[in-house]
Amino acid sequence: MTRPFIQTLVLLATFALFVEPTSGQEKYIVRLTNGMILGPGLFSEIDTLSTNGFQKGGGSTGPRSIGIVDDGLRKTYFNISPINFSAEESTRAALEEIVTVAASEVASSGAAPAIQAVLRVTPFNKFGRREFQILTPRGVVDVLQGITLLTPHYTKVEVLNTDAGARFVWDTRISTSAIPNDELDAILKHALGMEASGDWLQLVRFYTQAERFNLARDTMIEGLQKFPSALAGRMAIVDQLDQFYANDKFAEIKLRREAGQHALAVKYLNAFPTEVLPLESQIKLKDELNAARNQITLIANIIEALKKRVSQLPTTEQQSVSPLLDEIVAEISPNTIDRFADFQRLRGDDSIPNENKVALAFSGWLLGPNAGLDNFAVVKSVIKVRGLVREYLRDANQPRRQAILNKLGKEEGAQPKLVDQILETMQPPLSPPTPKSGDPQGMFRDSVKSFHSANVEYVVQVPPEYDPNRKYPCILALPGKGDLPDLEINVWCGPVRELAVTKARTGQATRNGYIVVSPKWMLEDQIEYNYTEGEHDRILRCMRDALRKYSIDSDRVFIAGHFAGATAAWDLASSHPDLWAGAIMVSPSADKYIVQYHENLKSESRQTAPLGMYIVYGELDGTRAASKVGSVLTNYLKFPKTDAMAVEYRGRGSGLFMDELDQIFEWMSLSTHLRIRTPQKLSNVTMRNGDRFFYWLEAPQLLPQLSGNAFQFDAKDASKRGTFSASLLGPNFNGLSISKIPSVRRQATVWLTPDMVDFSRPISVRMSGRSPTFDVAPDVGVMLEDARTRGDRMHVFWQKLELR
């Protein structure tokens with residue numbers, strides 16, 4: 001479902017030029033409330049995803065609550081409450097289906113084993129065959145696989161009936177996009193024979209539907225040369241393919257520009273093969289290039305106008321703001337033009353004094369777009385405050401930090417609202433380390449001390465044209481057993497490519513402008529995830545350190561992982577839902593706290609689900625039967641107000657599932673997937689001492705029975721389960737209510753922001769039958785210490801109440 005505009009054009013081409021839609025089993029398009037679009041595929045309903053035979057045979061006669069869309073490659077599971085989805089019959093043309101000779105050689109008996117790991121895979125030869133080695137409960141098994149069916153969307157691969165390896169019935173599906181162009185072209189041409197003009201047209205249809213427009217064009221040109229008479233009058237197909245290719249490239253340029261990669265977008269525009277572009281695309285290309293040039297001109301005009309305005313200030317004032325002017329000249333970019341909107345709008349107004357115009361420009365740079373601060377004296381103070389804030393965030397020495405707070409107390413620009421804007425707009429307070437020689441551009445290796453003072457290494461990959469003045473979405477990617485962080489970086493950002501003068505990546509995180517952080521969180525002798533606070537500490541310290549050094553949008557941090565890393569990501573998402581915009585687990589297992597914490601991912605409103613959950617696994621994953629993945633997913637998917645989706649690849653075992661990346665990035669880009677900062681109501685479960693802070697409510701010390709040992713976990717012991725239950729009272733009451741908190745003597749720490757309460761009025765707290773009120777003002781010291789310890793500068797707490 002990526003690039004829907006391109007796909008619409010492909011469908012139009014399919015109808016108009018190549019083939020009539022075929023009849024068959026009805027397929028559906030499903031639209032989820034979160035914005036995700038699934039299908040087209042076969043639609044059905046089930047009761048459970050559990051692999052437990054007793055649960056499967058539950059005998060429920062009521063309405064089923066889990067829907068499935070089967071698109072041939074995968075089955076996607078979701079809740080089918082009316083508030084969650086809508087479905088409509090697909091009107092799209094049928095995809096090309098090419099059957100190979102291997103379809104007559106398929107093994108017809110024997111059950112496929114559970115797959116614990118893939119050990120070796122060879123490339124496909126032109127006959128569509130490959131050798132495949134897997135680890136199963138029976139041991140290492142070698143099989144000969146053959147492609148039996150090819151569609152533009154998926155490829156069906158089956159075990160062949162041969163003496164060269166094991167034989168059993170095993171229908172596995174892979175994304176056709178995962179097959180390299182050369183391999184695919186050889187397989188398709190061998191399967192089709194290419195002896196008639198119709199074969200060439202069928203191959204062109206296939207490539208067009210697969211959105212491989214260059215291959216489709218090259219194939220059409222070659223077909224026209226081989227069959228000039230039979231294909232006379234089909235030259236229009238080439239023109240349409242040129243248009244599809246151009247639209248595809250324009251979509252990529254738009255994506256890169258939105259990801260902050262403006263120079264790369266211009267480079268792509270200048271590289272367009274204008275000689276083959278249709279007239280419509282030539283006009284669009286000209287408009288795009290003009291827009292890029294206008295943006296460069298606008299930046300130059302802002303710089304020139306600001307320099308002129310500053311030169312008209314008194315000499316002493318010029319000197320005081322000269323460093324900031326130099327900073328703006330060096331760093332202004334298309335990412336930060338919007339900070340000068342007020343200055344641009346009012347700089348020609350002669351009724352406004354010159355210093356006020358300068359103040360508007362500088363305040364926009366320091367405080368963000370539409371700051372609207374035109375008092376030059378206050379802006380000069382804000383410049384000093386930003387420097388002091390940076391010093392505070394960088395300093396580990398408490399007495400020195402107190403001295404900085406004392407200085408801030410004397411500055412007019414240190415008002416809480418202005419400090420909040422400074423924190424969100426400023427560059428990260430710490431700098432990334434020096435890149436390691438030989439690493440690709442934008443890759444950094446770092447380490448941080450854990451709670452036990454051990455070094456925890458982590459790797460960061462930033463996208464092209466990284467600008468610390470821009471906020472970037474982030475993936476915290478956790479590798480599995482035996483895998484290094486480099487593997488996760490390769491999965492999300494793409495493998496390293498040798499370019500003319502540098503090394504770079506071209507994967508999905510790179511294209512979409514994500515920062516990827518991957519910690520080496522497992523200990524050297526560790527073989528699985530152990531659900532311990534030490535593991536959480538190692539992972540979260542790396543993330544917080546990255547927040548201090550890289551310009552990360554903390555409202556769009558997605559925690560993800562593969563294998564044991566996926567299990568760790570799942571546990572962290574369930575135990576700290578306030579930190580993430582979403583969680584992506586690929587080939588996970590589930591046990592212990594994941595099973596018990598499913599309530600932490602539910603909400604009273606579908607629009608305020610704590611975070612989205614995206615789980616990917618293989619149908620034959622041998623680890624699923626030994627874990628509780630199915631039962632936990634069933635819990636999620638049966639509840640309408642949980643934003644969860646599970647994807648099961650047909651005939652696949654445990655794996656990285658690179659085929660799913662396009663869908664995952666589409667899911668992450670949805671506007672519904674933002675961290676929820678201050679929910680109106682809290683209802684969270686804890687069974688572990690480290691899980692005592694949810695959103696704005698903290699238990700300073702959990703009840704002793706909740707401080708259990710993860711290695712001696714007992715899910716049946718209800719006394720080891722504590723509940724946080726609280727709510728904001730709204731503007732009329734200006735306060736909050738805490739009905740449950742599993743702390744010693746019901747102590748609580750409440751963290752406050754202006755979104756929660758009005759600091760100009762008494763704040764009411766209802767707890768333990770009492771309703772005391774508090775007269776508290778925002779505290780810059782609380783704000784800065786919160787930003788320093790958590791690393792999150794986009795959402796700082798302005799004050800806290802210690803309820804003892």
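The expected span of a helix is 1.5 Å times one less than its number of residues. The exercises below apply to a predicted model.

**Exercise 1. Determine how the span of helix α6 compares with its expected value, and what follows the helix.**

Step 1. Helix α6 covers residues 235–258 and therefore enters the rule with 24 residues, for which the expected span is 34 Å.
Step 2. From its first C-alpha to its last, α6 reaches 35 Å, which is close to that expectation.
Step 3. Beyond the helix comes Gly260, whose phi is positive, near 85°.

**Exercise 2. Classify the ring pair formed by Phe43 and Phe85, and state whether each residue is buried, partly exposed or exposed.**

Step 1. A search of the whole structure yields 27 aromatic pairs, and one of these joins Phe43 and Phe85, whose ring centres are 6.0 Å apart with planes at 15°.
Step 2. Planes under 30 degrees apart count as stacked, so the pair of Phe43 and Phe85 is stacked.
Step 3. Phe43 belongs to strand β2 (residues 37–46) and Phe85 to strand β5 (residues 85–89), so that, with their positions 42 residues apart, the pair links distant parts of the chain.
Step 4. Buried means under 20% relative accessible area; Phe85, at 19%, is therefore buried, whereas Phe43, at 27%, is partly exposed.

**Exercise 3. Identify which strands stand at the edges of the open sheet of 5 strands, and explain why one side of each is left without a neighbour.**

Step 1. The strand order is β22-β25-β26-β28-β29, and the pairing is mixed.
Step 2. The edges are held by β22 (681–686) and β29 (773–774), each of which has a single partner strand, so one side of each lacks a neighbour in the sheet.
Step 3. At the β29 edge, strand β28 (residues 763–767) runs antiparallel to β29 and is joined to it by 2 bridges, with Ile763 standing opposite Phe774 in β29.

**Exercise 4. Describe the second largest cavity by its volume, its lining residues and their classes.**

Step 1. The structure holds 4 cavities of 30 Å³ or more, and the second largest has a volume of about 50 Å³.
Step 2. Its lining is made up of Lys471, Leu547, Ile552, Ser554, Gly791, Asp792, Arg793 and Met794.
Step 3. Sorted by class, this lining comprises 3 nonpolar, 2 polar and 3 charged residues.

**Exercise 5. Name the residues that ring pairs link into a cluster.**

Solution. The cluster consists of Trp521, Tyr529, Tyr531, Tyr593, Tyr597 and Phe713, linked through ring pairs.

Definitions and conventions:
Residues numbered from 1 in each chain as written. Predicted model: local features only at pLDDT ≥ 70, side-chain atom pairs only at ≥ 80, totals over all residues. Heavy atoms only, no water. Pairing = 2+ DSSP bridges. Helix = DSSP H or I, 4+ residues; strand = E, 2+ residues; numbered from the N terminus. 1 Å grid on protein atoms, 1.4 Å probe; cavity = no way out; pocket = protein on both sides within 12 Å on 5 of 7 lines; lining within 4 Å. Points joined across faces, edges and corners; volume = space filled by probe spheres on them. Nonpolar A, V, L, I, M, F, W, Y, C, P; charged D, E, K, R; others polar. Phe/Tyr/Trp six-rings, centres within 6.5 Å; stacked < 30°, edge-to-face > 60°. Buried < 20%, exposed > 50% of the residue type's maximum accessible area, 1.4 Å probe, protein only.
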